[in-house]
Amino acid sequence: MTTEHNHSEEGRFYGWYIVGALFFAMFIGFGTRQGFGIFVETWEIEWGVSVGAISVAASVGWLLNGLSQPFFGRIIDRIGGRPVVIVSMTVMGIAFIAMAFVSNVWMLAVIYGFVISWASGGISPSMSGVLIVRWFRRKRGIAMSVLVSGASLGGLVLVPFLTYLFLATNWQTAWVAAGAITLVLGVPLLWGIVRSDPSDMGLKPDGDQEQDNAPTSANEHDGQTGPLETTRWQDSFRSAPMWQLAITYWVCGITTASISVHFVRWASSEGITPGTAALAFGLLSGLNALNVILVGAISDHMQRKLLLGAIYLMRAVAFLTLVLLPGNAALWTFAILGGGSWLASVSLTTSLTADVYGVRNVGMLGGLTLMVHQFGGALAVILFGIAFDNFGNYDNAFLISVLLLIGAGILALSIQERSVSSRYVTTEEATGSLKVETGSAGG
Amino acid sequence: MLPYRIFLHHSEPIDPTLLDWIRNQIDELIGLEPSAIAVILGIAIVAFPIWLGISSIRRARRNP
């Protein structure tokens, strides 16, 4: 009650302004990068190169983006998130404008494949999420979800904007506009609003007052130090939750990347028109944006592992429908079940990592898990293509995905959240149980 | 052989089929010139950061 009273006197908790600024950074960063595909055909004609050569720049960028995550994570853990997001956004804005001057595929590989993809790693959901988990404790789930929804909305709004600007003018103008919005609005917003830690402004997480933050029970732990927190990030991998979160996220990468790439091709193989497949994928994206927020809000009031496990199991059912149901029925069932189980895993995984391991090394740990996610996705995209070429359908690939998702669901549910999360136990209580655990493991 | 083309459909670039569908829907719904739609979407995009920035400044003035 005291907290709410103070909020009404001083206005909304400052952490929500930070969520808003980072939401916009994700909106611009992800939306513009997703617009890459708009210009491919024009570049093919103007530069006289194959789509394969242009695709190399995109694929290199995708892998570099994954590799950048632990790099940025380490920096954020050492000096805070504010300089990382500001510098990343500035570099991205300059590089967006530089894209207007690209005249061959090599320049494209350098500016898009390396500079933009690497810099965008600094404002990824995991890296921006590191800032959010420092500002929020009880509302970590909903704050993370709002942040992640910025990426979804960016694709749905910014890509049509760039397309129409391209149609009205030329592709160079579209990139300059994206760069201008980034530099004129995005960077000042981050500069003026984002602070690495609430203590930089004399605040507490969630806007709590000093007396609100005093622990009265295990559930009132400060939330900034995790029960399984370690001094060295490497030591986090000596405990089970880190492996459980990394492996489930790897499966997440496999199953989302493969569908992003192969969904339309699967639909064609089932005799479904590309337009209908696109409509279903649009439904999936729209439901996903709503579901991310909903899951985030619910996750603040129950064990996050239950939702994470449910999401993977629901996704397993969605994949199973692609094998068992006939074409159109599979398409729409998958769109609905898929929309209910897509990006919500991002906010849940980042929040759980912070709940268990605290905020000290959460940048590095979040970066590593996202890198694993991206590598799993890269591998799956290629393997799904090979499977289709060899078997003439995706059934085997989908069935393997079902098994992996069931495994991920069980693994997520097996996280002993009540024993290792700062929402339920203090560091001292968890350390005691960890000693027992490692002792019994012979370590 | 590495299927390069499929990377174009991945999370970086939006699926071109979905993009065409979104564009067709907007065309059917609004029926304006591309430049007019670009301006409308542009205004919608810049409105949020401007509102957020102003709110943040007002908050800072209220609580120096």
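**Reading the salt bridges, burial and surface of a predicted model**

Modeller: Asp355(A) and Arg140(A) form a salt bridge, with their closest N and O atoms 2.7 Å apart, and I should say early that this is a predicted model.

Colleague: What makes Asp355(A) and Arg140(A) a pair that ties together separate parts of chain A?

Modeller: Asp355(A) lies in helix H14 (residues 344-357) and Arg140(A) in helix H8, so the pair ties together parts that are 215 residues apart in sequence. Both Asp355(A) and Arg140(A) are also buried.

Colleague: How do you know that Arg138(A) and Asp208(A) meet in a salt bridge?

Modeller: The test asks for a side-chain nitrogen of Lys or Arg within 4 Å of a carboxyl oxygen of Asp or Glu, and for Arg138(A) and Asp208(A) the N to O distance is 2.9 Å, so the pair meets the definition. Arg138(A) sits in the loop between H7 and helix H8 (140-168), while Asp208(A) sits in the loop between helix H9 (171-193) and helix H10 (240-269), and the two are 70 residues apart.

Colleague: Why is Asp208(A) called buried, and why is Arg138(A) called partly exposed?

Modeller: Buried means under 20% relative accessible area, exposed means over 50%, and partly exposed covers what is in between. Asp208(A) has a relative accessible area of 3%, so it is called buried, whereas Arg138(A), with a relative accessible area of 37%, is therefore called partly exposed.

Colleague: Why does Arg238(A) count as exposed, and which residue forms a salt bridge with Arg238(A)?

Modeller: The partner of Arg238(A) is Asp235(A), with the closest N and O atoms 3.3 Å apart. Arg238(A) counts as exposed because its relative accessibility is 68%, against a cut-off of over 50%. Elsewhere, salt bridges that share partners join Arg137(A), Arg138(A), Asp206(A) and Asp208(A) into one network, and the count over all chains comes to 11 salt bridges.

Colleague: Where is Arg134(A) found, and why is it called buried?

Modeller: Arg134(A) is found in helix H7 (residues 125-135) of chain A, and because its relative accessible area is 13% it is called buried. A polar atom of the Arg134(A) side chain lies 3.1 Å from the backbone oxygen of Val359(A).

Colleague: Which residues make the nonpolar surface patch?

Modeller: The patch, of about 560 Å², is made by Trp243(A), Ile247(A), Trp250(A), Leu379(A), Leu383(A) and Ile386(A). The elements that give two or more residues to the patch are H10 and helix H15 (362-391) of chain A. Leu383(A), found in helix H15, has a relative accessible area of 46% and is therefore partly exposed; because patch residues need over 30% relative accessible area, Leu383(A) passes that condition.

Colleague: Why does Phe23(A) count as buried, and with which residues is Phe23(A) in contact?

Modeller: Phe23(A), in helix H2 (residues 14-34) of chain A, counts as buried because its relative accessibility is 14%. Leaving aside neighbours within four places in sequence, Phe23(A) is in contact with Val146(A), Leu147(A), Ser149(A), Gly150(A), Leu153(A) and Phe48(B). The C-alpha atoms of Phe23(A) and Leu147(A) are separated by 4.8 Å, although these residues are 124 residues apart along the chain.

Colleague: What does the secondary structure of chain A come to, and how many of its 443 residues, as a percentage, are buried?

Modeller: Chain A has 18 helices and 0 strands, and buried residues make up 60% of its 443 residues. Of the contacts in chain A with a separation of 6 or more, 85% are between residues 24 or more positions apart. The accessible surface of chain A comes to about 15,900 Å², with 66% belonging to carbon and sulfur atoms.

Technical notes:
Residues numbered from 1 in each chain as written. Chains lettered and ligands numbered in written order. Predicted model: local features only at pLDDT ≥ 70, side-chain atom pairs only at ≥ 80, totals over all residues. Heavy atoms only, no water. Helix = DSSP H or I, 4+ residues; strand = E, 2+ residues; numbered from the N terminus. Buried < 20%, exposed > 50% of the residue type's maximum accessible area, 1.4 Å probe, protein only. Polar contact = N/O pair within 3.5 Å; in protein donor to acceptor, adjacent residues only side chain to side chain. Patch = residues over 30% accessible without salt bridge, like charges linked within 9 Å, V, L, I, M, F, W, Y side chains within 5 Å. Areas by Shrake-Rupley, 256 points an atom, 1.4 Å probe, with all protein chains shown as cover. Contact = heavy atoms within 4.5 Å.
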